[in-house]
Every structure is written in structure tokens, then in C-alpha cells.
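Thanks for making room for this on the agenda. I would like to take you through one structure, beginning with its open spaces and working back to the fold that frames them.

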Amino acid sequence: YTLYTIFLNKYVNNSGDVNYASIKSNIGELNKIVSIFEQSKPTKNWSKNDQLAFWINAYNVFTIKLITDNYPLKSIQNLAGGKTWDIKRIKINGTIYSLNDIENDIIRSRFKDARIHFALNCAAVSCPPLFNEAYRAEQLDSQLESQTKKFINNPKYQKLTSLKVTLSKIFDWYALDFGIKIDFLNKYSKIKIEYGATTVYNEYDWSLNDIKHK
């Protein structure tokens, strides 16, 4: 993942905004990374962390590829009538996947770790920020913990008080993954949220997480 980390450091800022225009101008760099992922052979013999890190990185790499191939555009939802996640276009070790295949059939179903929702990036402003380093097996737990804590405590995405929480729609869409939501939030939140707290959800901003928009 060294090449991928160098790429992310170059084209993704600390806020998770992506310089798609520059990536497109230097497309060979991305294509080389995509080729490495396409030729990888992830198996169930890999450690759990090796498998999970690979699939998170793959999801994010192929999302960047999807946006760059169609850039300029205003939103990932402009692609395929808002159904781009269902299109099987990702070839890894001879198998063709969609983004939803990777997220739901592999990552969510096999690993059952709600923190992955803050590592996968859907190229939108309301998505958890794209981490500008590769996920690695030996650091995976600390990386997921860090990304989860940052997202939950970032007022751009959540507004938390003891008696009212305004949350990202991610907590609504994937509610079952989080179990008792208040317990999950309190594990990472800087404030103690009461069990009777009112919960509302932010509208999701699907505008592209493009550095050019900033």
C-alpha cells in the first residue's frame, strides 16, 4: 500500500477533499494502483485484518476511479441514475464486483464491524472524510478507532448534546449495524448522551467531495 499512500497524500487533503482534476491530469498514477488491486488475490487464508484492510482500500480506490473517469461532475448520484453502486464494473482476481457487492456482501456481512462506515468513502460532502493514508492490517484497529472518533465528534457531521443528537444519515441507513446507538455514540463521543435523548438526522449532501469546490 506504499504507492497508494503516496497517491493519497498527494491528492487528498487533511479534510478528505479530493483533487480529482489533478488525478485526471496524472491518470497513469491512479491506473497503476487500480491495476495492482485488480491483480490482487485476496483469500480467506489472509488474516481478518489483512482482508478487511484490502476491501476497504479497494472500495475507496475504485470509487476514486469511478469519479475520475466521469470527471467533471457534480455528484456521484448523477451516474447511472443514482444506481452506480449496483453496477458490476470492478474486476479483482477475475471476479466482477459492484461497489455494493464489496460493501454489503463482503465488508458488512463478513466482518460485522460498524466502524467501517467511517472508513468507506462515497465521494460526497456528507460522507465520512476519505482518509489520506492506506488502511493497513497492523494499524487497522487504531485507524478505524481514530476515524470513528473524528467523525462522531466533528460538528460538520454531528451535533451532540446530552439531550439531543443530530446525526449523519449513516446512523439511520445502517441502524442495525450500530446496535444500541446511544451506547455506540457514547463510546466515542466527548460528551455523555442520555438514553432519552432526542434523535434527528441531517439531510445528506451528495455534492462531490472535490477540492475544487472549496
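**Pockets, fold and a few unusual residues**

Nineteen is the number to start from: the largest pocket is lined by 19 residues, and the ones nearest its centre are Trp85, Glu103, Cys122, Tyr174 and Trp206. Please keep in mind throughout that this is a predicted model. The volume of that largest pocket comes to about 350 Å³. If we sort its lining by class, we find 11 nonpolar, 5 polar and 3 charged residues. Two helices deserve mention here, since α5, residues 99-111, and α7, residues 170-173, each contribute at least two residues to the lining of this pocket.

The second largest pocket has a volume of about 280 Å³. It is lined by 17 residues, and Asn14, Ser15, Gly16, Pro129 and Lys150 are the closest to its centre. In this lining the classes divide into 7 nonpolar, 7 polar and 3 charged residues.

Besides the pockets there is enclosed space to consider, and the structure holds 1 cavity of 30 Å³ or more. The largest cavity contains about 50 Å³ of space. Around it are 14 lining residues, of which Gly16, Ala124, Val125, Cys127 and Asn209 come closest to the centre. Gly16 is thus a name you have now heard twice, once among the residues closest to the centre of the second largest pocket and once among those closest to the centre of the largest cavity. By class, the cavity lining has 7 nonpolar, 4 polar and 3 charged residues.

Let me step back to the fold as a whole. The protein has 8 helices and 5 strands, and from the N terminus on they follow the order α-α-α-α-β-β-α-α-β-β-α-α-β. The radius of gyration is 17 Å, close to the 17 Å that the globule rule gives for 214 residues, so the protein is as compact as a globular protein of that length. Along the principal axes, the C-alpha trace spans about 50 × 40 × 30 Å. Of the contacts between residues at least 6 apart in sequence, 69% join residues at least 24 apart. Buried residues account for 50% of the 214, while the accessible surface amounts to about 10,400 Å², with 50% of that area belonging to carbon and sulfur atoms.

I return now to α5, which we met at the largest pocket. Which residues of α5 are buried? They are Leu99, Asp101, Ile102, Glu103, Ile106, Ile107 and Phe111, so that list includes Glu103, which also lies among the residues nearest the centre of the largest pocket. The cover over the buried residues of α5 includes α4, residues 48-70, together with β1, residues 90-92, and β2, residues 95-97. Just after α5, lysine 112 takes a positive phi of about 45°.

That brings me to some other backbone details, two of which sit in the loop between α4 and β1. In that loop we find proline 72, which is joined to tyrosine 71 by a cis peptide bond with omega of about 5°. The loop between α4 and β1 is also the place of alanine 80, a residue that has a positive phi of about 50° although it is not a glycine. How accessible is alanine 80? Its relative accessibility is 43%, and it therefore counts as partly exposed. In the loop between β1 and β2 lies asparagine 93, again a residue other than glycine with a positive phi, here near 50°. Asparagine 93 is partly exposed as well, with a relative accessible area of 37%.

My last stop is leucine 30, which belongs to helix α3, residues 27-39. Is leucine 30 buried or exposed? Its relative accessibility is 1%, which means that leucine 30 counts as buried, the cut-off being under 20%. Leaving aside neighbours within four places in sequence, leucine 30 is in contact with Phe7, Ile23, Ile64, Lys65 and Thr68. As for leucine 8, which is 22 residues away along the chain, its C-alpha atom is separated from that of leucine 30 by 10.0 Å.

Definitions and conventions
Residues are numbered from 1 along each chain as its sequence is written. This is a predicted model: local features need pLDDT of at least 70, side-chain atom pairs count only at pLDDT 80 or more; totals for chains, interfaces and linings use all residues. Side-chain values use heavy atoms; hydrogens and water are left out. On a 1 Å grid over the protein atoms alone, a cavity is a set of points where a 1.4 Å probe fits but cannot get out, and a pocket is an open set with protein on both sides within 12 Å along at least five of seven lines; lining residues have an atom within 4 Å of a point. Grid points are joined across faces, edges and corners, and a volume is the space filled by probe spheres set on the points. Helices (H or I, at least four residues) and strands (E, at least two) are DSSP runs, numbered from the N terminus. Ala, Val, Leu, Ile, Met, Phe, Trp, Tyr, Cys and Pro count as nonpolar, Asp, Glu, Lys and Arg as charged, and the others, Gly among them, as polar. The radius of gyration is taken over C-alpha atoms; the globule rule is 2.2 Å times the number of residues to the power 0.38. Buried means under 20% relative accessible area, exposed over 50%, partly exposed in between (1.4 Å probe, protein chains only). Contact means heavy atoms within 4.5 Å. Accessible areas come from the Shrake-Rupley method with a 1.4 Å probe; for residues, only the protein chains shown count as cover.
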